[in-house]
Amino acid sequence: MANEEKPVNFIAEIIEADIRSGKHGGRVLTRFPPEPNGYLHIGHAKSIVLNFGLAQRYHGKTNLRFDDTNPTTEETAYVESIKNDIKWLGFEWAEELYTSDYFETLYEFATKLIRNGLAYVDDSTAAEIAASKGTPTEPGKPTPFRDRSVEENLSLFAEMREGKYPDGAKVLRAKIDLANPNMHLRDPLLYRIKHAHHHRTGDSWCIYPMYDFAHGQSDAIEEITHSVCTLEFVPHRPLYNWLIEQLEIYPSKQYEFARLNLNYTVMSKRKLLQLVNNNYVTGWDDPRMPTISGLRRRGYTATSIRNFCERIGVAKRENVIDVGLLEFCIREDLNKTAWRRMAVLDPVKLVITNYPEGKTEHLSGENNPEVEGGEGERPIPFSRELWIEREDFMEEAPKKFFRLAPGLMVRLKHAYVVQCTDFVKDADGRVTEIRCTYIPESKSGEDTSGLKVKGTIHWVSVPHAKTVTVRLYDRLFNAENPAADEDFTASINPDSLQVIEKAYVEPDLLHAEPGKGYQFIRKGYFTLDTGSTPDNPVFNRTVTLRDTWAKEAQKQ
RNA sequence: UGCCCGAUAGUAUAAUGGUAGUACGACAGAUUUUGGUUCUGUUUGUCUAGGUUCGAAUCCUGGUCGGGCAACCA
């Protein structure tokens, strides 16, 4: 067996059984078959991790196959984004393939069915065909074209290909069973006429195969052993098998699992496209989108997404995963890898009255306390005037408030312990300045003060502070299941983006690298936005830190 | 009122006829120069009614509930 651990899910079990029994000669070849009509989202990531992961685990391979049979919605730009996302997630496909590469073969397959009396050209309109299919409880009836001769069907189908007919004039249908309780077996459509420009085949075709006459056939052509798809294709499986059998091609097998649903978001490409087109977001890669590119821009790592996909499991039961699990996964990864930096998002000035004016000390702080050695240190300038977070001061402190208030002491991270002596308010009652004294012998690393303070706060030296833009993202929807509403845009969160034009950060943050995660101490994880420039650095908040104090404060 | 799929803690997911476990969450505590991290503990579950069996989450039957299936989309 490929490895000693027990199978990770029911599909892995099937594969192991197949390997044991020698089916497919013990070979494992899966495929990931996106349609290039949109960007990949986190639901696709589940499928990618499943398909590529299964192949890796059992020493097989995975093909990337673009299911491009509908030229009116598909574009090369989508192809590029999809390839980029899969690579970024850390997977390598064996072959890059396109269903459109098989158009000629597929056409031959269709003529074989016709020759065997198993397919016919139908001149009925879409409405007529729909009506003649019956309903789930009533059988369908044949249309007047069902019993055309093989010769007539053959020449008509050839004429369809030649472009003799306009869109919708004729279709090719399989001749199966109009009374079958499975609607998909009631003479399904195989080919339709579409005089449309295809992103790869250009204008060489004006008839295009339907999904059911392309997918299984492509699987067979590639000799895919395990064709893994989502639950909505379960009723297609009998048709999948029927066509493979009649065509006498490689017996690929289809297996279905439940797609990923995440609460507080939408996952259908149609809805995501709507968010883009109606400018609810800035694009497919808006950091609030559940797309791979959006998550990446938000600061999610490939590792965290892969871990998430493994942790949610694979089964056939409908499921809704709590977005909190995704957040757990990114925090888990970034906690171990992100370099710590200090940034003040909502500043108020703190003056250390007993610290010499004009003096600067160069303190230092480790980059990553989670790693032995801290991955080195960066210098942090310290002076008499500092920016601190407005929420870290209260005129009157409630119980268990371990921050600043008159008389209270806190440690300034990587620096000294200070005690609040006084504060200044303006005419509107807004605090404009907090005054403290510092304890010189409490310096970090050489503290001889013996003081034990409950709280530590972050800060940035006023004269050394750099200014950056910070974008605070929150969930895009307030409803747990936005798609359940008649209009899913009704529950869009109006506060899903808060822009801070001027946040103060420690100078070293100007050396931030694109694609790297940073923890703004006590505030959350951030990453440089793709639109960031050296002149105007922009940081996106990936996720906040867990905040048990916020919960406590709410109780009070 | 046809066919198909499913039902295990709040959410997911394991247990493949033999002690219902794991993760996230929640709650409590310890540690902490991040109210972060880490550690410890607690909490909550087999849809229902029968049947088979020494023994059923697992097998069988009925029911209930949820989802899917009729696009010239995939």
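In which sense do strand β2 and β3 pair, and over how many bridges? In this predicted model, strand β2, which spans residues 61–66, pairs with β3 in the parallel sense, and three bridges link the two. One of the partnerships is easy to pick out: Phe 66 has Tyr 98 in β3 as its bridge partner.

Zooming out a little, these two strands belong to an open sheet of three strands with the order β1-β2-β3 and parallel pairing. At the edges sit β1 (29–32) and β3 (96–98), each of which pairs on one side only. On average, and ignoring direction, neighbouring strands of this sheet are turned by 35° against each other.

Helices come up against this sheet too. Helix α3, made of residues 76–89, packs on the sheet and touches β1, β2 and β3, with its direction making about 160° with that of β2. Then there is helix α7 (residues 215–222), which lies across β1, β2 and β3 and runs at about 140° to β2.

Between β2 and α3 comes a loop, and that is where Thr 69 is found. Is Thr 69 buried or exposed? With a relative accessible area of 8%, Thr 69 falls under the 20% cut-off and is therefore buried. Setting aside neighbours within four places in sequence, its contacts are Glu 74, Thr 99, Phe 103, Arg 192, Tyr 208, Pro 209 and Ala 214.

Next up is a pair of helices. Two packed helices are described by the angle between their axes and the distance between the axes. For helix α4 (residues 103–115) and helix α6 (residues 150–162), the axes come within 9 Å and cross at roughly 160°. Since angles over 145 degrees count as roughly antiparallel, α4 and α6 are therefore roughly antiparallel to each other. Their crossing is right-handed. On the α4 side, the residues that meet α6 are Glu 104, Tyr 107, Ala 110, Thr 111, Ile 114 and Arg 115. Facing them from α6 are Val 150, Asn 153, Leu 154, Phe 157, Ala 158 and Arg 161. Sorted by class, this contact has seven nonpolar, two polar and three charged residues.

Val 150, which lies in helix α6, deserves its own look. Its relative accessibility is 26%, so Val 150 counts as partly exposed. Not counting residues up to four places away in sequence, Val 150 touches Ile 114, Arg 115 and Gly 117. Another reference point is Ala 196, 46 residues apart from Val 150 along the chain, with 28 Å between the two C-alpha atoms.

Further along the chain, what covers the picture for strand β23 (residues 517–520)? In a regular strand the side chains alternate between the two faces of the sheet. Both faces of β23 are covered, with Gly 517 and Gln 519 buried on one side and Tyr 518 and Phe 520 buried on the other.

Strand β23 also has partners of both kinds. Strand β10 (residues 339–341) runs parallel to β23 and is joined to it by three bridges, and here Trp 339 stands opposite Tyr 518. Strand β24 (residues 524–528) runs antiparallel to β23, with four bridges between them, and Phe 520 stands opposite Gly 524 in this pairing. The hairpin of β23 and β24 has three residues between the strands, and Arg 522 takes a positive phi near 70° there.

How values were computed:
Residues numbered from 1 in each chain as written. Chains lettered and ligands numbered in written order. Predicted model: local features only at pLDDT ≥ 70, side-chain atom pairs only at ≥ 80, totals over all residues. Heavy atoms only, no water. Axes fitted to C-alpha atoms, helices over the stretch in contact; angles between N-to-C directions. Parallel < 35°, antiparallel > 145°, perpendicular 65-115°, else oblique. Left-handed = near helix turned anticlockwise from the far one by under 90°. Contact = heavy atoms within 4.5 Å. Nonpolar A, V, L, I, M, F, W, Y, C, P; charged D, E, K, R; others polar. Pairing = 2+ DSSP bridges. Buried < 20%, exposed > 50% of the residue type's maximum accessible area, 1.4 Å probe, protein only.
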